[in-house]
There are 8 protein chains.
Amino acid sequence: MTPERVLALLQQVAEGSLTPAEVLEQLALPPIEELPFATIDHHRALRQGYPEVIFAAGKTKEQVVAIAERIAARGSGVLITRAGDAVREAIGERFPAAELHAVARTAYLPPDEPPPVGRGSILIVTAGTSDIPVAEEAAVTARALGNTVERLTDVGVAGIHRLLAQSEALGRASVVIVVAGMEGALPSVVGGLVRRPVIAVPTSVGYGASLNGLAALLAMLNSCAPGVSVVNIDNGYGAAHQASQINHLVAKIR
Amino acid sequence: MTPERVLALLQQVAEGSLTPAEVLEQLALPPIEELPFATIDHHRALRQGYPEVIFAAGKTKEQVVAIAERIAARGSGVLITRAGDAVREAIGERFPAAELHAVARTAYLPPDEPPPVGRGSILIVTAGTSDIPVAEEAAVTARALGNTVERLTDVGVAGIHRLLAQSEALGRASVVIVVAGMEGALPSVVGGLVRRPVIAVPTSVGYGASLNGLAALLAMLNSCAPGVSVVNIDNGYGAAHQASQINHLVAKIR
Amino acid sequence: MTPERVLALLQQVAEGSLTPAEVLEQLALPPIEELPFATIDHHRALRQGYPEVIFAAGKTKEQVVAIAERIAARGSGVLITRAGDAVREAIGERFPAAELHAVARTAYLPPDEPPPVGRGSILIVTAGTSDIPVAEEAAVTARALGNTVERLTDVGVAGIHRLLAQSEALGRASVVIVVAGMEGALPSVVGGLVRRPVIAVPTSVGYGASLNGLAALLAMLNSCAPGVSVVNIDNGYGAAHQASQINHLVAKIR
Amino acid sequence: MTPERVLALLQQVAEGSLTPAEVLEQLALPPIEELPFATIDHHRALRQGYPEVIFAAGKTKEQVVAIAERIAARGSGVLITRAGDAVREAIGERFPAAELHAVARTAYLPPDEPPPVGRGSILIVTAGTSDIPVAEEAAVTARALGNTVERLTDVGVAGIHRLLAQSEALGRASVVIVVAGMEGALPSVVGGLVRRPVIAVPTSVGYGASLNGLAALLAMLNSCAPGVSVVNIDNGYGAAHQASQINHLVAKIR
Amino acid sequence: MTPERVLALLQQVAEGSLTPAEVLEQLALPPIEELPFATIDHHRALRQGYPEVIFAAGKTKEQVVAIAERIAARGSGVLITRAGDAVREAIGERFPAAELHAVARTAYLPPDEPPPVGRGSILIVTAGTSDIPVAEEAAVTARALGNTVERLTDVGVAGIHRLLAQSEALGRASVVIVVAGMEGALPSVVGGLVRRPVIAVPTSVGYGASLNGLAALLAMLNSCAPGVSVVNIDNGYGAAHQASQINHLVAKIR
Amino acid sequence: MTPERVLALLQQVAEGSLTPAEVLEQLALPPIEELPFATIDHHRALRQGYPEVIFAAGKTKEQVVAIAERIAARGSGVLITRAGDAVREAIGERFPAAELHAVARTAYLPPDEPPPVGRGSILIVTAGTSDIPVAEEAAVTARALGNTVERLTDVGVAGIHRLLAQSEALGRASVVIVVAGMEGALPSVVGGLVRRPVIAVPTSVGYGASLNGLAALLAMLNSCAPGVSVVNIDNGYGAAHQASQINHLVAKIR
Amino acid sequence: MTPERVLALLQQVAEGSLTPAEVLEQLALPPIEELPFATIDHHRALRQGYPEVIFAAGKTKEQVVAIAERIAARGSGVLITRAGDAVREAIGERFPAAELHAVARTAYLPPDEPPPVGRGSILIVTAGTSDIPVAEEAAVTARALGNTVERLTDVGVAGIHRLLAQSEALGRASVVIVVAGMEGALPSVVGGLVRRPVIAVPTSVGYGASLNGLAALLAMLNSCAPGVSVVNIDNGYGAAHQASQINHLVAKIR
Amino acid sequence: MTPERVLALLQQVAEGSLTPAEVLEQLALPPIEELPFATIDHHRALRQGYPEVIFAAGKTKEQVVAIAERIAARGSGVLITRAGDAVREAIGERFPAAELHAVARTAYLPPDEPPPVGRGSILIVTAGTSDIPVAEEAAVTARALGNTVERLTDVGVAGIHRLLAQSEALGRASVVIVVAGMEGALPSVVGGLVRRPVIAVPTSVGYGASLNGLAALLAMLNSCAPGVSVVNIDNGYGAAHQASQINHLVAKIR
């Protein structure tokens, strides 16, 4: 249960559309719920602003659906990442309102109350066409967490003028996610052009010595441009989550 | 030359304390300055809000002093990291006003105009006593870039209640830097307790299989808590730079 | 042939239900038995308290069944790990009394004499739902070796209060097995909360830079909490075996 | 403050040699003590049976002495590992009663109340002469934590009969620590000979491809003998700590 | 064309069963034969005593058959390693006399003249059942190159008495090949028991941290027993080739 | 649009076969073209002499065809590497004139104007039959970029005389590409025999410790022969591209 | 003896300043010269155009001087790389005409005949001040081998406009050497801007996860820009040697 | 005590120069001798033909001398490897007859009875001058174990004709040790030229990506030439030990 959801419930009491007893029932739900195979942390939404996100890799579709049901039952939004075909199909059958995304391998069920939207925007930059699935995971996540998303696609450093032509978009963002495989050079270049934080996402795209993304990961960690931090290989979700925290910081502390 | 410096110059023209010609002379200085061994990017301060920071490792003390002189000549602040004893001594002799820090291995010469201060604060959390030098590099950097800094020291996960006792400090920060060696578990725990971005800094502290910090680095990249991104091993400077960007985002976009 | 089995035979002689000659025949069986593809160490049960456990990976189902037959012929229990579908099916057909476990990928045929049960209990803690198969391999093994097993599931460090809420269970165990992938931080936290030995099992669960469990393995080896030792990636069996040795130590030395 | 210390204080009240008020003063000391560079976890002794052990690597001698003073002030024993010459000298000057050990690189100040002694014994086996410093760190630790220690030295697998000749010593121990560098094969052989838990300690001894102990570490993690778990490279302390937990388990649950 | 084959041809001239011209025709065949995809080194047999062995991995079955035809045309024996099902089937159809071995993944066509047989014998020792395919590749190769082969199977170090019981076989061999996965400890133990050269073959058998055989490889390279050298992971062929060179050295220099 | 194409257009204007307006229309096409999933850099042909080459791995066949259409529309040649069966089939259907190469996994559509041909020749040397696919990728690329290609196949260092017999071919080339897996020794030997630049391509051919080509890569980087540089594992395209740049340097600077 | 030296000798015969017998004596010197610790390959100069270069690391100063004497005795130039202080001093004493370079750690004794100079020029680009020693090794080598050298210093990607401002210098070179540490991104950007071959040299400059240059090496091998090849870490010599081969190709084949 | 020593004693009894009682006294010495820091395996000489060799790294000079005294007391030869300056000096003082070798870092005290000499010879080939220390360790060891040693120095693959000129020496050896750093290519070339076993020793000589000898080690393990096996990096001793076993095999089985 997110702070927004609590606020909405209280508003309905104030308006008389819900009785105090009805709201109490919802507020009294236990913060931790135990399934045979999972311990769901419903308190996370209140503590961190977003409910638990389901990482579907290594879980059966039955497990994913069961966890999703428990989260949805609280009126929270449900985001599922690394959702393969079978998981997406199962979620789609159980939750017809879910938004399924094959490229990003995500499923998303919006919450009862829409999340607050950050004031700035998150710019997602990709080095090449093959990096798009990771960028899409980031985009779906960022929007689910209440952010405006912009994109620059296929502007890798081998044709640096493609990037330089986009200085306006680069300047507009409050935080930039840069997704790149191979040599992972793009975040360093972007980091030298903007004054906003850059979150770098290495991807597992490349020939043999890319070592499934380790080469890009190491490059990004060694960025000579300041203001670049890094998340795990192919972890579009993680980058978007932190980008959203930063973007909401703008709206909330104010 | 930072935006603040430009603003101050123009203010002085408006007040009549400087003539337009005097200001023009300063504004007309070339954005790039070439030494035999360096190409100084004076434009960075305007483009990114902070002047170039000097990474002293691999440079002679003469090179460091020469670069510092060129940056100081523009009225910008000069921050030098990885400054060993010889470099700090040379800087101290040339710039008596410089602040030298042996633990952090930094030297800092404040700019003519103090930098604007972010509204929030940066919290620097360290897992153990041996991580302090890296944390100090972050603290010196963060203050130089115009931030309020708080600290939690030696609150590693082996005694988790030391951290849990500090929930108020954790909740107060707008961004958290977590510095840890060995197994690098602390950022995951902190990431699960706060709703603000966490920047993790692995340190090269530990026994053999810490692989000089690689173990902590990998752990942090694999954090199961959302909202954690990572910088290079022992890179306190890099973490503080991005934390400052985030903290200033609060003040500036508003 | 386990010590328990020898004791039972001698008891039957004392009671007159077996003749000395009948028992002699069994005791005279050779301690090593050679198949074309295996040298079975029947003496292990007497030497170490447990018979050889069959690691099925890399063996044909015919080989596994043949080895199982020789061990079962001595009245010993047969435990098979890494038993894929084909192996489990073949064992199930040959030994209808075998207990087959798809999640744990094990097959287990109880011995003629039940193993002695340790006085304490083994607690198996998992960080996430995806770690369950490894935890189940540990649980099946621990029970087969004569132990009481308890479980805490999905209590990873991103929601540390899920673990702290279980202090009673943590305090009750005589030895704790902690199963975790990704950053492998959970054993450090548990190690700081309990005074009993913690055996950490890294799992191959995670995004790219988990390096198939190496990140968690390294983290666990670098645990800042004392009292944590580590077994191979995904090696639930190995952890349970040592945990059982520890738990039986309680019962036996006494 | 260890449970033994609390018991002794209460005993003195019962005997009238201390007033309740005098004891209260000691019991009321705060469980966490903050120095500028450390957060001391005095509660660990009550929670885990042993006070914090000081890992001196990366700390200044002044920091080590200051932390030691705070722990000693509570009447707890102080164990310092990785104590180089300067640290040992400083501790020796400040605490004349401290036991200094150059080979093990430890300093040890016994507590006011001697720790309870486990019923069984810990056997420390080393593969070669070069492994002795790590074995000594383990021996000093084990004795400090209240254990009887036995030793087998230089019984590596290249002369396997040296080990086999010691079956009695192997059978007598309640837990075995095996210290080995190079190929790290000894724990596997020992693990196949005993029914007690084996804790393997890889050392950084060896030619180039030992990779500073990584080769031995990997070998030990892959032990084909059951009942072997592993701690970090050269981590004699860690092995002894867990061995002590196991050995005390025997005495305490009983 | 092997030295034996040349000798046999000349013998036939001496006996009058072949004319000098007929033999000349064979001796005049070019030492290098070029196919579009291979440059066959027929001279190798004369230079090194054995013809080229075909490593089938990465070659099409058509390529393998074509190369085999050219070698067979010279009367040399043809040994094919890493021959998958398709390659073995194709060779079997083209050369009905070929010996196909599914476990070893080899195909072998004996030469017109049998190779000379070394005086001593090669002992192939395997640690576990899962190592048998690699051991079989070695056995097939060793016999093809003219050696007597003996075997000890499944005598890994977890049950060291299985090996010690075989001291006679160990003492009889002129060279020992030891095949082991997991921790790769067996060659060290064997190396300490025999006075003959030991060639160690690591296998890719094991749990996660075996790193597909790297752990065993490193262990073997670090063997504390003298007289152990190592070949590539799973390279039964390479070990047998060198063992044969050693074994023939006995016969030939004499 | 390549320089050659521009020249041809202008020639047609001079000859009256095209009107200035018709040519203007072509020259006025934008240098960057944006698709939803790609930002095509048409300017690359003018800037670097060759149009963008499409790396098909990680792209859908629809994406590859769409990008190819845009490049072909400008009259440029289209080269597609890492083109699997599905991609080659799709390209073949859409562009009947395309040359498809199954071994090299390439598809190539010649430009409207043939590229200028370099004066010298590129020699492609392979160590073994299994390296041919990578060598073919290099050969297709080199020819597409306007070069004469020669080949030496299967001349690895185990039969060094196969290479030494080809000194004439080695001396004739203006640049040599050496393709080798396993120990990657061939470039060092070739580098010591020729006075022209050698570009080494490691391949992922080999047993376990080849680490998918890393062993060959490292060997080539450590070549004791001067004049050897290295490209990524299996990157025949990259080697050929640089070789072509070198070969055209001969023709063009002149 | 270089081809130029031979030509000069013959010229002197033609001019009568040397007798045929005097020249014969020089031409008759053996192509290989054996010292107790070295086998000098005098033929290399004729075969490859340059004499052997002495890599001083791991050699005593006496060995270096002795080898240098033998090469100088043939009238060839002597280039010594990785020459530490002691070696440079010893060479300076023995050969007063030698050029010693402390930053590049080289010593150079020009040949009797100056080498022919390539027509184009080699551009050496460095990312940062700390990369200068490696760049200087390349510069000294390139000049010794007869090339015109240009430089761009400290133009790393964090301030990309520093590089873009130098398009003329980039366009002028016939081959570009790019020296960079940290993330090694600069060769990719340069590779996308020029049509000439780029030789990338990773340096061991950087924080912890640069892994002593491995991060930069991997990045460069994965360059998304075509036309980039790579040499060993810190190997300025190797890059310059190949660059010289390319540059001379221009002059010679013409 | 070696077999030769036993033979000599018995011979003296037969000749009457020793009484049976005197010999008995010597034969009755215990096979294992325990020092506080070592367990000396005197039986090794009888079991393996050579006494224990002392690896001095990680041992104090006092420990080395003490172990040497016990071995010498039995009349066995004493070989000490990795003997630094202090150890060699201490041995030289205690045993004036010891042969000290600074380059090889060895000390050697001949046995009372000279070892039998193998019939063939061991050829030690080095790639470069920097590899000589490792080659010398091998040479000292080989001679101490009773072998004739030949050498080829500095015949690396960059000047392959230096090696090819030595075909006679290559053909004469019964076993070849090849010592090489950098790319480690030499064993593959030698392995293709000889019909005798090749033992490859990688050295830690090279630039950055040699990874302290790992590159050469991997290359040698992947040798495409048959008959090559590998020992640890810089392990000249290990190579010579196995070479001696092979060379003595010739003499003994005969």
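By what turn, and with what shift along the axis, can chain C be laid on chain D? In this predicted model, a turn of 180 degrees combined with a shift of 0.0 Å along the axis places chain C on chain D with an RMSD of 0.0 Å. The two chains are therefore related by a two-fold axis. Both copies employ the same surface, since 100% of the contact residues of chain C recur in chain D. In general terms, two copies of a chain are related by a rotation about an axis and a shift along it.

The interface brings 36 residues of chain C into contact with 36 residues of chain D. Between them, the two chains bury about 3,400 Å², and carbon and sulfur atoms account for 55% of this area. No salt bridges are counted between chain C and chain D, the value being 0. Polar contacts, by contrast, link 14 residue pairs across the interface of chain C and chain D, with both residues of each pair at pLDDT 80 or more.

On the side of chain C that touches chain D, at least two residues are supplied by each of α3 (43-48), α9 (186-193), α10 (214-221), β11 (228-230) and α11 (236-253) of chain C. The largest share of this side, 9 residues, is contributed by α11(C). Classified by residue type, the side of chain C that touches chain D comprises 17 nonpolar, 12 polar and 7 charged residues. Charged residues are thus present on this side of chain C, while the count of salt bridges between chain C and chain D is 0.

Definitions and conventions
Residues are numbered from 1 along each chain as its sequence is written. Chains are lettered from A and ligands numbered from 1 in the order in which they are written. This is a predicted model: local features need pLDDT of at least 70, side-chain atom pairs count only at pLDDT 80 or more; totals for chains, interfaces and linings use all residues. Side-chain values use heavy atoms; hydrogens and water are left out. Copies are superposed by least squares on the C-alpha atoms of residues with pLDDT of at least 70 in both. Contact means heavy atoms within 4.5 Å. Buried area is the accessible area (1.4 Å probe) that two parts lose on being put together, summed over both. A salt bridge is a side-chain nitrogen of Lys or Arg within 4 Å of a carboxyl oxygen of Asp or Glu. A polar contact is a pair of N or O atoms within 3.5 Å; within protein, one must be able to donate a hydrogen and the other to accept it, and residues adjacent in sequence count only if both atoms are side-chain atoms. Helices (H or I, at least four residues) and strands (E, at least two) are DSSP runs, numbered from the N terminus. Ala, Val, Leu, Ile, Met, Phe, Trp, Tyr, Cys and Pro count as nonpolar, Asp, Glu, Lys and Arg as charged, and the others, Gly among them, as polar.
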